Amino acid sequence: FGLEALLPLIKQDDTELSKKYNHAMTIGTDLSSMLHSLGIPRDNQRYRILDTFQSPWAETSRSEVEPRFFTPESFKNIPNVLQSKVTPPVFNSIENDQQRVTLFQDETLFYLFYKHPGTVIQELTYLELRKRNWRYHKTLKAWLTKDPMVEPLVSGDGLSERGSYIFFDPQRWEKCQREFVLFYNAIM
Amino acid sequence: EMPDRMVSQLESSLLNCPDSLDADTPYLYRNPLSLPHPTSIFFPSEP
Amino acid sequence: SETEKYYLIFTEWVKLLQKVEHDDELVTVFLRQMVDRGVLSDTDSLINFCKASFELSILAFKASDPTGEVFVSIDALAMLVTKLLVVQEFEDYSRNEYLDIIFCILTMVFSKDHEQDNSTFNERPYFRFFSNILSEWSSLRGHDFIKITDQQIRKELIEFDNYFYNTFASYLHLIQPVAFPGFSFAFITLLSHRMFLPNMLRLENKSGWKNLTILIIDLFRFLDQYTGKVGISNAISVVYKGALRVIIGISNDFPEYLIENHYEFMNALPSSYAQLKNVMLAAIPKKIMLPNPYDNGLDMDKIDSCKMQPTVFYDPVVDLHSFKKPVDNYLRIPSNSLMRTIINGVYRDEYSFKSGIGYDYVSVDQKLVRAVVLHVGVEAGLESEKTSSGAIFNAKSSYYTLLFNLLNEGSSEVRFKVIEAMMEQLRYPNIHTHWFTFVLKNMFTSEEWGEQKSEIQEIILRNIFERIIVNKPHPWGVTVLFTQLLNLNNVKLLSLPCVKKVPEIENILKIL
């Protein structure tokens with residue numbers, strides 16, 4: 001019960017002594033990275049974290065979880081959303097629904113494209129974005145358009161060009177300008 | 001000391017530890033916005 | 001057979017939910033028919049149907065392609081159970097009984113699966129069921145169940161809410177790691193579930209606190225059982241890390257819960273978990289400012305919050321049993337015979353294995369010692385408010401002498417446990433931190449110990465070092481006491497024999 005009993009905790013380089021206790025549980029560890037993974041603090045402020053707690057371990061917390069939320073009745077079954085005559089809205093026909101899509105903002109088109117794979121609306125938004133001079137990059141799986149301020153340099157073999165493009169980043173949900181070498185067979 | 005059977009049960013629990021996807025709100029049927037349609041194989045296939 | 005019929009009906013339910021939204025009229029009709037046709041008309045049929053559905057869902061999970069949709073059946077089952085919590089007439093059984101039946105059946109299916117030889121037990125579908133129930137309930141209860149249009153049912157559900165969470169907690173307690181190790185990781189994940197933990201903490205009048213504490217103690221007991229000296233398994237290390245992370249989360253969002261329940265947690269926490277101990281005891285109420293604990297000139301008499309009584313959710317008096325009388329009588333009128341009773345009563349009848357830093361077994365009733373120390377502290381705080389601080393900040397007061405005599409007459413182990421318990425009260429600025437700092441500092445410098453002085457000083461230093469050589473956080477009160485001892489005029493720590501005989505400690509002190 002005296003001071004000597006603490007020696008295994010202090011003399012961590014002494015392999016015989018330090019084996020006596022599991023240091024992770026006694027001396028513990030620097031908690032900064034654990035606090036960081038929990039979002040404590042966030043932007044220098046203290047926020048509640050238990051309501052969006054994903055999992056007790058950072059390793060199993062790789063996706064966000066849906067927090068508690070409440071949708072008032074008045075937010076549901078709103079008519080005429082997305083130019084639809086039907087509530088809730090649907091896009092089921094390439095021919096009939098093409099007109100509606102022309103009225104949407106770029107971001108709405110991107111949202112619908114990424115949110116509904118393998119559907120009529122994905123095809124419709126693809127067609128509309130092309131009309132607006134966006135091109136879809138097959139490997140990046142992202143949309144891009146030419147930066148109007150810069151004239152690209154076409155390569156000698158005519159297979160690519162180097163220029164400035166506006167990309168839409170679906171992870172950060174924003175347009176960003178990038179220098180890029182564009183291979184023509186990579187876009188559609 | 002932990003009995004052998006318990007050791008293997010605990011290890012199994014560690015292996016099958018639920019992750020954030022398991023704890024997420026269940027995605028039950030919702031009326032689809034749009035009907036299926038064959039699209040390019042290069043398009044993203046997961047929402 | 002009857003069971004096969006139930007399989008068919010449940011399968012129809014699962015298919016239905018894949019085709020229509022869960023609030024579709026067809027769903028209500030389906031449920032209505034289940035009642036009308038005798039599938040859910042009484043307790044027996046409910047039990048048999050639910051048992052068949054659980055078993056089928058678990059089977060479906062195990063048979064599913066792991067990369068595909070493995071939870072289709074379980075998700076549908078959870079939806080069914082939750083809907084039935086709302087739409088049933090509850091003639092043959094009450095809503096409370098219905099919930100109990102559901103959890104009972106699940107526990108039976110679960111335990112049979114877990115206990116099979118060569119078991120294919122997997123915690124995930126069970127976890128998923130519990131998680132879904134929490135999720136559905138959370139969605140339903142928003143704004144006092146405003147989604148429920150029938151006002152009578154709405155009123156019933158509001159009253160039922162408390163029962164829902166506490167029943168959930170009590171069944172989770174049944175399937176704790178010590179009993180079902182195959183569910184250990186799911187257990188911790190459920191305890192900390194975003195739709196469970198904060199809700200339990202927020203229930204009106206702290207009505208979820210008791211059952212939540214039981215669950216956390218279940219976890220600590222499991223860790224304590226398997227944290228020995230002979231190597232810790234990787235799985236236990238991972239359990240520990242998860243527990244630590246959850247406690248940190250609670251400390252951030254609801255520090256008052258850790259503060260008010262610290263006594264019970266200290267009783268259950270493995271003795272060698274120094275960092276987790278500090279994390280729990282370093283919890284600070286949200287609005288309190290902490291003065292600089294390293295400030296030499298810090299005077300707790302001048303800090304307003306040092307006069308405040310900390311709330312204690314679980315009264316330690318409960319654990320005193322027959323000890324309460326002699327302790328309270330001594331505090332009123334000290335006497336040698338009462339002191340004798342107290343001193344003799346803190347020893348256990350038998351040795352008990354309990355690993356700590358420096359020891360492998362205990363002969364002292366640790367829980368009783370902790371209860372005595374906290375009770376004395378609580379009474380001292382109340383006395384201070386009733387009369388004056390002079391009544392307790394006084395080495396002649398019965399509060400002080402009770403503890404002094406316990407140390408003076410007790411074995412080294414008693415001394416260690418009493419001092420350890422006192423040091424646990426050195427937390428954020430409050431009257432207990434203030435008073436116990438006074439007590440420990442006085443004891444450290446007192447000349448009344450005679451030959452015992454050296455040992456007392458060493459044990460006090462040992463307890464301080466055990467708390468501060470670990471990684472942060474360190475409770476404010478512990479740092480304050482240590483700073484005060486470092487700056488004593490009449491006692492030079494570096495010249496103490498107990499320090500000199502351990503050069504490593506001497507070096508640390510020199511640096512400080």
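How many disulfides does the count come to over all chains? Before I answer, please keep in mind that what we are looking at is a predicted model.

The count comes to zero disulfides over all chains. For anyone who wants the chemistry spelled out, a disulfide is a covalent bond between the sulfur atoms of two cysteines. Take Cys50(C) as an example: the closest cysteine sulfur to its own belongs to Cys104(C) and lies 12 Å away, which is too far for a bond, given that a pair of sulfur atoms has to come within 2.5 Å to be counted. As for its surroundings, Cys50(C) counts as buried because its relative accessibility is 4%, and Cys306(C) is likewise classed as buried, with a relative accessibility of 0%.

Let me turn from the cysteines to the charged surface, beginning with the negative side. Asp42(C), Asp44(C), Glu89(C), Glu91(C), Asp92(C) and Glu97(C) together form a negative surface patch. One of these residues, Glu91(C), sits in the loop that runs between helix H4 (72-87) and helix H5 (95-115) of chain C, and, because its relative accessibility is 71%, Glu91(C) counts as exposed.

On the positive side, a surface patch brings together Arg46(A) and Arg48(A) with Lys286(C) and Lys287(C), so that residues from chain A and chain C both take part. Within that patch, Arg48(A) is located in the loop between helix H3 (32-38) and helix H4 (94-101) of chain A, and at 43% relative accessibility Arg48(A) is classed as partly exposed, since the exposed class requires over 50%.

How values were computed:
Residues are numbered from 1 along each chain as its sequence is written. Chains are lettered from A and ligands numbered from 1 in the order in which they are written. This is a predicted model: local features need pLDDT of at least 70, side-chain atom pairs count only at pLDDT 80 or more; totals for chains, interfaces and linings use all residues. Side-chain values use heavy atoms; hydrogens and water are left out. Patches are made of residues with over 30% relative accessible area and no salt bridge: like charges are joined within 9 Å, nonpolar side chains (Val, Leu, Ile, Met, Phe, Trp, Tyr) within 5 Å. Accessible areas come from the Shrake-Rupley method with a 1.4 Å probe; for residues, only the protein chains shown count as cover. A salt bridge is a side-chain nitrogen of Lys or Arg within 4 Å of a carboxyl oxygen of Asp or Glu. Lys and Arg count as positive and Asp and Glu as negative; His and the chain ends are not counted. The place of a charge is taken as NZ of Lys, CZ of Arg, CG of Asp or CD of Glu. Helices (H or I, at least four residues) and strands (E, at least two) are DSSP runs, numbered from the N terminus. Buried means under 20% relative accessible area, exposed over 50%, partly exposed in between (1.4 Å probe, protein chains only).
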